[in-house]
Amino acid sequence: MIVKNEENNLARCLNSCKDFVDEIIIVDTGSTDETKNIARDFTDKIFDFVWSDDFSKARNFSISKATSDYIFWLDADDIIENHDLRKLLKLKEKLTEKIDMVYLKYHTRFDSIGNPTFSYYRERIIKNCKNAKFIEPIHECIEPFGIILHSDAAITHSKKEDRKKSNHLEIFENYKKSMGYLTPRLQFFYARELMHSKKYKASIKVFRDFLNEPRGWIEHKLVACLDMSSCYKKLFDDVNALASLLHSFTLAAPKAETLCRIAHHFYDSHDFVAAIFWYESALKCDTKNHSLFVKKEYECYIPSIQLAQIYKKLKKYDKAKYYNSLAEKYRPNDKAVQYNKKLFDKE
């Protein structure tokens with residue numbers, strides 16, 4: 001097992017996975033707290049690595065210390081929930097040497113009661129061989145190889161929101177300066193980092209370059225259209241914000257989130273007929289078969305509660321009540337749902 005050094009949650013992380021792994025390897029990239037003391041309660045395989053603004057180098061160093069047949073990696077702010085641990089233990093019993101990589105779900109966003117609202121697959125269990133190497137200095141990954149298995153077991157990201165500001169943008173820009181270019185994959189993540197840094201015009205330019213790159217991954221391009229639209233919204237350019245969403249239709253079947261964002265545009269313009277069309281389209285959108293990055297609330301709760309709101313404005317209370325009850329199936333304790341229920345009971 002590989003754990004990248006972080007300030008918080010290390011004991012929780014290691015407790016959650018210790019029954020699954022056969023060895024624990026800790027790579028410390030410069031902690032100044034109790035990280036090593038905590039780690040010693042779980043393993044004596046603790047190694048220092050001088051941080052060099054390259055996540056792949058640090059991860060590959062940790063891989064070089066692994067002695068087991070397979071590598072399983074976590075960051076210190078990742079955990080395995082008990083129900084997922086049971087799935088992983090069963091997977092471990094059945095895993096044969098024919099399998100080269102296992103992709104697990106990664107839960108990164110949650111609703112108010114802890115249910116995951118955004119998940120995607122990441123390579124987590126990799127055969128310990130020459131192909132098991134991370135690439136890219138940031139947003140690193142191991143390129144797919146051999147026979148791949150997808151499991152519904154999940155890793156849960158438990159990062160706290162009070163962490164110090166990252167230096168990711170600096171890493172991107174230093175790497176771009178030294179190499180003279182960014183791969184299409186890094187273009188995408190660089191554009192996102194610019195967006196998160198509120199450099200919206202610069203972000204749009206990089207997104208446009210990425211969308212014109214034939215080697216770019218379609219899944220990333222669909223997300224790029226959403227993010228580029230958000231940048232235009234921040235610049236109060238609603239026309240190009242909508243155009244960015246519609247551009248995704250030229251790439252693949254639309255995400256439910258895209259359809260809801262288009263609906264929001266017409267809702268804000270008080271064009272309720274158009275908004276109803278797009279929200280209803282989102283409810284019919286089945287993204288399970290063509291999209292790896294899905295925010296479940298856009299497939300169910302958001303279009304339902306918005307349709308309830310529209311029909312309430314139009315004083316069509318039967319339809320408003322129907323869509324509110326649909327939203328209630330997804331979020332039964334939601335304040336908006338409960339408010340509507342009380343209102344409709346009075347009608």
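Start by selecting C285: at 14% relative accessibility, this cysteine counts as buried. Keep in mind as you click around that the model is predicted.

**Stop 1: the cysteines**

What is the nearest cysteine sulfur to C285? Select C260 as well: its sulfur is 8.9 Å away, and C285 is in no disulfide. A disulfide needs two cysteine sulfur atoms within 2.5 Å, so this pair does not qualify. Now jump to C129, which is not in a disulfide either; the nearest cysteine sulfur belongs to C141, 15 Å away. With 27% relative accessibility, C129 counts as partly exposed. The disulfide count for the model comes to zero.

**Stop 2: a loop with two odd backbones**

Next, show the loop between β7 (116-127) and β8 (148-157), and pick out E136 there. Most residues other than glycine have a negative phi. E136 goes the other way, with a positive phi near 75 degrees. Is E136 buried or exposed? It counts as buried, at 13% relative accessibility.

Stay in the loop between β7 and β8 and select H139. H139 is not a glycine, yet its phi is positive too, at about 50 degrees. At 28% relative accessibility, H139 counts as partly exposed.

**Stop 3: helix α5**

Now select residues 168-179, the twelve residues of helix α5. Put a distance between the C-alpha atoms at its two ends and you should get 16 Å, which agrees with the 16 Å span expected at 1.5 Å a residue.

Which way does the helix face? Colour L169, I171 and F172, which are buried in α5. These three cover an arc of only 160 degrees around the axis, so they sit on the same side of α5. An α-helix has 3.6 residues a turn, so residues three or four places apart point the same way.

What do the buried residues of α5 pack against? Bring up α3 (55-64) and α6 (184-196), and you have the partners. Then spin the view round to the face of α5 turned away from its buried side, where you'll find the exposed residues K177 and S178. Just after α5 comes G180, with a positive phi near 85 degrees.

**Stop 4: an aspartate in α8**

For the last stop, show helix α8 (residues 218-234) and select D227 within it. D227 is buried, with a relative accessible area of 8%. Which residues does D227 touch, leaving aside those up to four places away in sequence? Add R192, M195 and F207 to your selection to see these contacts.

How values were computed. Residues are numbered from 1 along each chain as its sequence is written. This is a predicted model: local features need pLDDT of at least 70, side-chain atom pairs count only at pLDDT 80 or more; totals for chains, interfaces and linings use all residues. Side-chain values use heavy atoms; hydrogens and water are left out. Buried means under 20% relative accessible area, exposed over 50%, partly exposed in between (1.4 Å probe, protein chains only). Helices (H or I, at least four residues) and strands (E, at least two) are DSSP runs, numbered from the N terminus. Contact means heavy atoms within 4.5 Å. The expected span of a helix is 1.5 Å times one less than its number of residues. The arc is that of the directions from the helix axis to the C-beta atoms.
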